[in-house]
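Visitor: Please walk me through this one, and don't let any label pass without telling me what stands behind it.

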Amino acid sequence: MIIEKGEPVDLNYYKHKYAEVLIKIGIALKEHQMLCIEAPIEQSDFVSIVAEEAYKAGCSKLHVIWKSDAVDRVKVQHQTIEVLDCDTAVAGYYADNGAGYIRLDCPDINAFKGISPEKINEMALAETKIRSIFRASKGHGGHTIACVPCKSWADMVFPDVEESERMDALWDAVLTCVRCKEADPVGAWRKYIVDTGERKAKLNEKQYQAYRYSSGKTDLTISPVENHRWNGGCIEFVGERVFVPNIPTEEVFTVPHKYKVNGHVASTMPLNYRGQIIDDFVLWFENGRISKYEAKTGEELLKAIIDTDEGTHYIGEMAFIDQNSPIASLHRIFYTTLYDENASCHIAIGFTFGPYSTPEENDQHGYNSSKLHVDFMVGSNDMSIKGQLTDGSWEDIFIDGKWAW
């Protein structure tokens with residue numbers, strides 16, 4: 001490990017700190033609350049640590065949904081992947097009873113190599129349907145996603161490091177990104193929530209009428225929905241809990257108007273979509289709809305995503321991240337959106353959570369509906385973003401990939 005050179009490192013200690021962050025910050029677990037964890041079967045040791053920290057924090061009942069890429073690969077080759085009633089019943093039981101939900105992932109770009117784009121998308125839709133049950137939880141139980149180091153991921157991120165040292169290097173990077181190398185990780189996260197709140201308040205006060213992205217690869221104008229609000233850092237249910245749905249996170253984000261996006265935007269990092277890579281791609285927009293696209297790697301998979309439904313021809317999120325963020329400062333591609341999106345401004349194809357009761361009402365007000373939500377990275381060191389004020393003038397928000405204020 002690189003945590004403190006010259007000193008012995010107790011990785012088990014840091015794993016417990018990481019688990020504590022997931023419990024106290026990720027879902028803000030309450031006394032006597034249930035917890036449901038989705039995790040790769042290979043991470044059972046770390047899941048047991050999360051369980052320990054959960055029971056210490058007052059968890060009343062814990063359930064684990066075990067996943068296996070190896071098994072899913074065989075399944076997807078031999079059957080239609082669909083959501084079964086028994087799966088929705090389990091998720092519904094815990095969600096309706098206010099359970100917290102932690103999803104642990106271990107990225108592997110080779111897990112589904114050679115599987116058709118249609119099958120990859122089929123699997124993604126099924127997983128999204130189950131996970132959305134927790135996000136829409138009536139009990140507002142808190143939900144978060146995090147990654148756990150594993151060999152396949154370490155080999156992707158640190159190919160330039162001796163193989164025997166890659167796992168240590170990845171753990172060190174992960175612990176940096178999730179603030180667990182701080183003296184008080186939970187306290188560091190609480191400070192981050194406060195600081196991000198100030199940033200969101202300033203953007204909300206500005207109420208920019210449009211945002212203009214410019215770089216060597218991108219020229220895009222996005223207008224937000226009316227009276228848009230900036231979110232990020234945490235989700236707050238007043239009087240219930242404040243939780244962080246992505247560990248790590250560095251973003252503030254808002255909702256673009258479905259029909260008010262024009263120009264073109266280029267990706268600046270590879271997109272790992274269910275174990276397959278889409279890279280070096282460009283999207284063109286006319287009145288919000290993707291009118292053309294191209295990709296040097298994974299174009300057929302990109303096509304499958306865009307053609308999923310009508311909503312995947314539009315975007316549902318725009319997010320700002322400074323190029324000086326802790327993740328960006330590591331100068332590594334992590335090959336997972338959870339990390340890479342927090343090193344770069346990004347945009348998402350697909351759904352946003354609209355405030356209205358029907359898809360038709362949401363559409364009328366510019367909120368996009370879809371079965372999917374796929375983030376991709378567009379930020380770079382030469383990216384500038386301007387905001388249009390109500391008087392029609394423009395002012396800098398980002399200069400060369402960094403906040404202008």
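Guide: Let's start with a rule: a residue is buried under 20% relative accessible area, exposed over 50% and partly exposed in between, using a 1.4 Å probe and protein chains only. The model is predicted: local features need pLDDT of at least 70, side-chain atom pairs count only at pLDDT 80 or more, and totals for chains, interfaces and linings use all residues. Residues are numbered from 1 along each chain as its sequence is written, and side-chain values use heavy atoms, with hydrogens and water left out.

Visitor: Try the rule out, then. Why is His331 called exposed?

Guide: Its relative accessible area is 71%, and the cut-off is over 50%, so the label follows. His331 lies in the loop between strand 14 (315-320) and helix 10 (337-340). Those elements are DSSP runs numbered from the N terminus: helices are H or I with at least four residues, strands are E with at least two. The phi of His331 is near 55°, a positive value in a residue other than glycine.

Visitor: What makes Arg179 count as buried?

Guide: Arg179 has 13% relative accessibility, which is under the limit, so buried is the word. This residue also has a positive phi, near 65°, without being a glycine. You'll find Arg179 in the loop between helix 7 (166-177) and helix 8 (185-206).

Visitor: How do you know that the charge of Arg179 sits over the ring of Tyr192?

Guide: The rule wants NZ of Lys or CZ of Arg within 6 Å of the ring centre and within 35 degrees of the ring normal. The charged end of Arg179 is 4.4 Å from the centre of the Tyr192 ring. Arg179 also lies over the face of Trp189, at 4.7 Å from that ring centre. Both distances fit within the 6 Å limit.

Visitor: Why is the pair of Tyr93 and Tyr94 called edge-to-face?

Guide: Rings of Phe, Tyr and Trp (its six-membered ring) pair if their centres lie within 6.5 Å; planes under 30 degrees apart are stacked, over 60 edge-to-face, and the rest tilted. By this rule the count comes to 23 aromatic pairs. For Tyr93 and Tyr94 the centres are 5.0 Å apart and the planes stand at 85°, so both conditions are met. Tyr94 is buried at 10%, whereas Tyr93 is partly exposed at 38%.

Visitor: And what makes Tyr211 and Trp230 a pair?

Guide: Their centres are 5.8 Å apart and their planes at 75°, so this pair is edge-to-face too. The pair links distant parts of the chain, 19 residues apart: Tyr211 is in strand 5 (residues 210-214), and Trp230 in the loop between strand 6 (219-224) and strand 7 (235-237). Tyr211 is buried at 0%, and Trp230 is buried at 2%. Both belong to an aromatic cluster that includes Tyr208, Phe320 and Trp405.

Visitor: On to the sheet. How do you know that strand 1 and strand 2 pair?

Guide: Two strands pair if DSSP finds at least two bridges between them. Strand 1 (residues 34-40) and strand 2 share 7 bridges in the parallel sense, so they qualify. Ile37 stands opposite Val64, and Ala39 stands opposite Trp66. Strand 1 also pairs with strand 3 in the parallel sense, over 4 bridges; there, the bridge partner of Cys36 is Tyr101.

Visitor: Why are strand 2 and strand 4 called edges?

Guide: The open sheet has 4 strands in the order 2-1-3-4, with parallel pairing. Strand 2 (61-67) and strand 4 (143-147) each have a single partner strand, so one side of each is left without a neighbour in the sheet.

Visitor: What makes strand 1 covered on both faces?

Guide: In a regular strand the side chains alternate between the two faces of the sheet. Here Met34, Cys36, Glu38 and Pro40 on one side and Leu35, Ile37 and Ala39 on the other are all buried. That is 7 of 7 residues.

Visitor: Why is the crossover from strand 1 to strand 2 called right-handed?

Guide: With the strands pointing away from the viewer, the path from the first strand over the helix to the second has to run clockwise. The chain goes from strand 1 through helix 2 to strand 2, and this β-α-β crossover is right-handed.
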